[in-house]
Amino acid sequence: LMMPGSVSALTPAERQAEIQANREERAAEMKEKREERMTERKEDRQEIFCSKFVENARQISGNLAERRSEFEEHKGKRGDMLETRRNEREAKFEENRSQTDERRNALYQKLESRAKTDEQKVAVAAFKKTVEDAVDTRRDAVDAAITLFRQGVDAAVAGRQDAMESAVSAFKSAVEATFDQAQAGCENGTDQATVRADFKSGLQAARTALKNDRQAAEKVGEQVKALAEARRTAVKKAHDAFKATVESARLKLKDAFGESTP
C-alpha cells in the first residue's frame, strides 16, 4: 500500500527535471509541426509556381510555333511574288521581241521591193542573213545572261532561306532545352528564383545566338546587285556587237544600191 506513494514522491529537483523534459518534448513537437506546415506551404507554392511556369512555357512555345508558321508563309509569298514578276517580265520581253521581228520583216520587204538588179537582190539577201544571224547571236547572249542572273538570284535566295531555317531550328532547339532544364529544376524542388534566372538567361542566350546567325547569313541584296551588274555588262556587250555587225551590213547594202539606204 505504500509503494505508489513512494513512486510519486519526487524530489523538487526531479520534479523540475520532469517539467523541463515535458516542455522540451512539447517544443520539439511544435517545431516538427511548424516544419511540416512550412514544407507543405513550400510544396504548395512550388506546385503553383510549376503550374504557372508550364502554362507560360506553353504560351511561349505557341508563340514560337506561330512565328515559324508566319516565316514559312512569308517565304512562300516571296517565292510566288518572284515567280509572278519573272513571268510578267518574260511576257513583256517576248512581246517586244515579236514587235521587233515584225518591224524587221517589214524592212526586209521594203528593201526587196526596191531591189531591181540581181546585185541588189543578192545584197538584200546577204543583209537579211547577216542581220538575222546577228539577232540570233544577240538573243542567245542576252538569254544566257538572264538565265545566269536568275540562277544566281535563286541560289542566293535559297542560301539565305537555308541559313535562316537553320538559325530558327537552332533557336527552337535551344529554347526547348531551356524549357526542359527549367521544368526539371521546378519538379526537383530547385529554388524558384534560380529556376527563373536560369530560364531567363537560357532564353537570352538563344535570342543572342539567333541574332548572330541572322547577321552571319549572307545578304541577298548585295549578291543581287553584283549579279545585275554582270547581266547588264553582258547584255551591253551583246548589243554593241549587234550594232557593229548591222552597221557593217548596212554600209555594204548602201554600196550595192549606190545610195543612202535607210
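Here a trainee and a mentor talk through the labels given to parts of this predicted model.

Trainee: Glad to start! What makes up the chain, in helices and strands?

Mentor: There are five helices and zero strands, so along the sequence the pattern reads α-α-α-α-α.

Trainee: How do you know which element has the highest mean pLDDT and which the lowest?

Mentor: By comparing the means: helix H5 comes out highest at 93, while helix H1 (residues 3-8) is lowest at 50. For the chain, the mean pLDDT is 82, with 85% of residues at 70 or more. Where pLDDT is low, the predicted coordinates should not be read in detail.

Trainee: Why are H3 and H5 called roughly antiparallel?

Mentor: Helix H3 (residues 118-187) and helix H5 (residues 220-257) pack at about 180°, their axes 9 Å apart. The label needs an angle over 145 degrees, so H3 and H5 count as roughly antiparallel. Their contact includes 27 nonpolar, six polar and five charged residues.

Trainee: What makes Phe-179 and Phe-199 an aromatic pair, and why is the pair called stacked?

Mentor: Good one to work through. A pair of aromatic rings is described by the distance of the centres and the angle of the planes. Here the centres are 5.5 Å apart, and the limit is 6.5 Å, so the rings pair. The planes differ by 20°; under 30 degrees counts as stacked, so that label follows. The count by this rule is one aromatic pair. Phe-179 belongs to helix H3 and Phe-199 to helix H4 (residues 192-216), so the pair links parts of the chain 20 residues apart.

Trainee: Are those two rings' residues buried or exposed?

Mentor: Phe-179 and Phe-199 are both buried. Across the 262 residues of the chain, 21% count as buried.

Trainee: How do you know that Arg-138 lies over the face of Phe-242?

Mentor: Arg-138 is 3.8 Å from the ring centre of Phe-242, and the distance cut-off is 6 Å, so that part of the test is met. Likewise, the charged end of Arg-231 sits over the ring of Phe-149, at 4.1 Å from the centre.

Trainee: And why does Arg-150 count as partly exposed?

Mentor: Arg-150, which lies in helix H3, has 22% relative accessibility. Buried would require under 20% and exposed over 50%, so a value in between is partly exposed.

Trainee: How far is the C-alpha atom of Arg-150 from that of Arg-86?

Mentor: Those C-alpha atoms are separated by 9.2 Å, although the residues are 64 apart along the chain.

Notes
Residues numbered from 1 in each chain as written. Predicted model: local features only at pLDDT ≥ 70, side-chain atom pairs only at ≥ 80, totals over all residues. Heavy atoms only, no water. Axes fitted to C-alpha atoms, helices over the stretch in contact; angles between N-to-C directions. Helix = DSSP H or I, 4+ residues; strand = E, 2+ residues; numbered from the N terminus. Parallel < 35°, antiparallel > 145°, perpendicular 65-115°, else oblique. Nonpolar A, V, L, I, M, F, W, Y, C, P; charged D, E, K, R; others polar. Phe/Tyr/Trp six-rings, centres within 6.5 Å; stacked < 30°, edge-to-face > 60°. Buried < 20%, exposed > 50% of the residue type's maximum accessible area, 1.4 Å probe, protein only. Lys NZ or Arg CZ within 6 Å of the ring centre and 35° of its normal. pLDDT = per-residue confidence, 0-100.
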